[in-house]
Each structure stands twice: as structure tokens, then as C-alpha cells.
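Trainee: I am new to this structure and would like a close look at one part of it. Could you take me through the sheet, and then through what lies around it?

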Amino acid sequence: MKLTEFKLLSFDCYGTLIDWESGIFNALSPLAIRSGKNLTRDQILEVFGRHESPQQKVTPTALYSDILRRVYDRIAKEWRLDVDEQEREAFGTSVKNWPPFSDSIEALQYFKQFYKLAILSNIDHGEFNYSKEKLGVDFHCVITAQDVGSYKPDPRNFTFLIDTLEVMGVGKGEILHVAESLYHDHVPANAAGLAGSWIHRRHDKEGFGAIHVPEVEATYDFRFISLKQMVESHKKLILEESSNKR
């Protein structure tokens, strides 16, 4: 299997294109400071990871800003803190402040020369528009949890992606799903029969950070520590294939 065999790249957004861990950490820091627990960045992210996915399962049709508000409530309860409404609202609306990774914009611009690009994200269209503006590229297709009525890793999200792209002329075997999260993306993508490229952003860190710990082992077809590395691999392959044709 080679990167050049695919027609479309479907991207997870948050954790893959957008640095959601920095966004979450910054927005949760006021609550964490009030706790007096002297938690590390990864400890704060781990608490978020334990609460986000369970909340999404409880309220699968809620907009992502409401998910964040309810996650804030859950964490405040765990830490035995009163809810600060200003903190809660700032956290719930924090997606607009989450930055892209340093390699995301250039990588998307490069890949758009060779592939159609799609998004499959655990968010809603209103919040995604903030990130789309920062990423600066038009996507062939954008599917959010709002469209499906459930959040990844629910298999319905991947069925929705596959069915939508099939109508648009892209078959399942022509899709490469590109994502950081083993739990949200690669486990259900495996089950749906999609090829996968793991962007292992946390390669130099321990644990899973803001991502819920996967219950089963995930497999993937490619592994890169960044989108920049994936671009470099693709460029090398293009050169090799061009040389072979001469």
C-alpha cells in the first residue's frame, strides 16, 4: 500500500489539524488553578479525556459547545469546586481560540494538489467555521457530529462518511483516513474497512493526553509523527514513481 494509491484524504480536525490539547489546556487552566492540585499539563488533559467521550455518549446530539460546558461541570464536580459561569462559558466557546499545528496549513495546501480533502470531525459546523478560516483551504466534504447525530468513535460517523463520499464518486478503497486519535478514529476506521494514516503528534509524550484511552488495539497502514513528515514521504514517493516512468 502506497500513499499515492488514494483519491481522497479524510481528516480528523481536532488533534490532527488543530492543536486541541493546547486549546483545552489553556481554557481549563483557570479551573485547574482554583483546584490547588498543582496538576501538570498532561494530568489536566487526562481528566478532560476521561470526561469528554462519556459525555458525548450521554448527549450525542448536543452541539460541541454544550459538550464542553457539560465536561466543565463534570470536572468541577470531580474536583469539588463551584462552577464559575464566566469560566464555564469561556471553556464552552474556546474552540474559536484553538490554533492550527505549525505544519497543518502548508500540508493541506500541498495535499490539495494530489487529493480531494474531507473532514470528519467531532464538532458542529458553527464551531468548525472558526477552524476552517484558520486552515485556509476548501474541503471537498465536511461532515461533523452535528450532521450524524453522534460523536466518534460511534461507527455511524464512518458509515456516514463512506456513504456520502460514495455518492460524490469516491469509493471506500480510495479513502485514506488521517488522524491522531486511535480511540476516536483509527479503531472505528479499522472496523469500517478504511485505510488509515496515524499522525502521532504525541510521539514524544507519555499517555494519551486529552484522548480517551482506547479499549481495543488499533491498527493503521501508515504512521508519521507530523503532517510535515507525511508530506515529505509523499514527495519522496512522487519522485521515485516519476523516476521509474523514465
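Mentor: Happy to; we begin with the strands and then turn to the helices and loops.

Please keep in mind that this is a predicted model. The sheet is an open one of 6 strands, in the order β3-β2-β1-β4-β5-β6, and the pairing is parallel. At its edges you find β3 (141–144) and β6 (222–224), each of which pairs on one side only. From one strand to the next, the twist averages 20°.

Now pick out β1, which spans residues 8–11. Towards one side, β1 pairs with strand β2 (residues 116–121) in the parallel sense, over 4 bridges. Two of the facing pairs are easy to look up: S10 stands opposite A118 in β2, and F11 stands opposite I119 in β2. β1 is also joined to strand β4 (residues 175–179), again by 4 bridges and again running parallel. There, L9 has L176 of β4 as its bridge partner. As a general point, strands of a sheet pair through backbone hydrogen bonds, either parallel or antiparallel.

Which residues of β1 are buried on each side? L8 and S10 are buried on one side, and L9 and F11 are buried on the other, so both faces of the strand are covered. In a regular strand, the side chains alternate between the two faces of the sheet.

Follow the chain onward to L17, which is placed in the loop between β1 and α1. L17 is buried, with a relative accessible area of 0%. Setting aside residues up to four places away in sequence, L17 touches F11, D12, P100, F101, S104, L108, I119, L135, F139 and L227. Two of these names are already familiar, as F11 and I119 are the pair that face each other across β1 and β2. As for the far part of the chain, L17 and I238 are 221 residues apart along it, and their C-alpha atoms are separated by 23 Å.

On the β4 side, look for helix α9, which packs on the sheet and touches β4 and β5 (195–199). The direction of α9 makes about 160° with that of β4. Within α9 (residues 182–192) sits H186. Is H186 buried or exposed? H186 is buried, and its relative accessible area is 0%. Leaving aside neighbours within four places in sequence, the contacts of H186 are H177, A179, E180, S181, G196, S197, W198, A218, T219 and Y220.

Next come the helices. The axes of α1 (residues 20–35) and α3 (residues 64–78) come within 11 Å and cross at roughly 40°. This crossing is right-handed. From α1, the contact is made by W20, L28, L31 and R34, and from α3 by Y64, Y72, I75 and A76. These residues divide into 7 nonpolar, no polar and 1 charged.

Helix α4 (residues 85–92) has E87, R88, F91 and G92 as its buried residues. Seen down the axis of α4, they fall within an arc of 130°, so they line one face of the helix. A general rule helps here: an α-helix has 3.6 residues a turn, so residues three or four places apart point the same way. The buried residues of α4 pack against α1, α2 (41–58) and α3. On the face turned away from the buried side, α4 carries the exposed residues E85 and Q86.

Lastly, a few places in the loops deserve a look. N38, in the loop between α1 and α2, has a phi near 55°, a positive value in a residue other than glycine. N38 is exposed, with a relative accessible area of 73%. R80, in the loop between α3 and α4, also has a positive phi, near 55°, and is a residue other than glycine. At 79% relative accessibility, R80 counts as exposed. Finally, K152 and P153 are joined by a cis peptide bond, with omega about 15°. You will find P153 in the loop between α7 (145–148) and α8 (155–167).

Conventions. Residues are numbered from 1 along each chain as its sequence is written. This is a predicted model: local features need pLDDT of at least 70, side-chain atom pairs count only at pLDDT 80 or more; totals for chains, interfaces and linings use all residues. Side-chain values use heavy atoms; hydrogens and water are left out. Axes are lines fitted to C-alpha atoms, for helices over the stretch in contact, and angles run from 0 to 180 degrees between N-to-C directions. A crossing is left-handed if the near helix is turned anticlockwise from the far one by less than a right angle, and right-handed if clockwise. Contact means heavy atoms within 4.5 Å. Ala, Val, Leu, Ile, Met, Phe, Trp, Tyr, Cys and Pro count as nonpolar, Asp, Glu, Lys and Arg as charged, and the others, Gly among them, as polar. Buried means under 20% relative accessible area, exposed over 50%, partly exposed in between (1.4 Å probe, protein chains only). Two strands pair if DSSP finds at least two bridges between them. The arc is that of the directions from the helix axis to the C-beta atoms.
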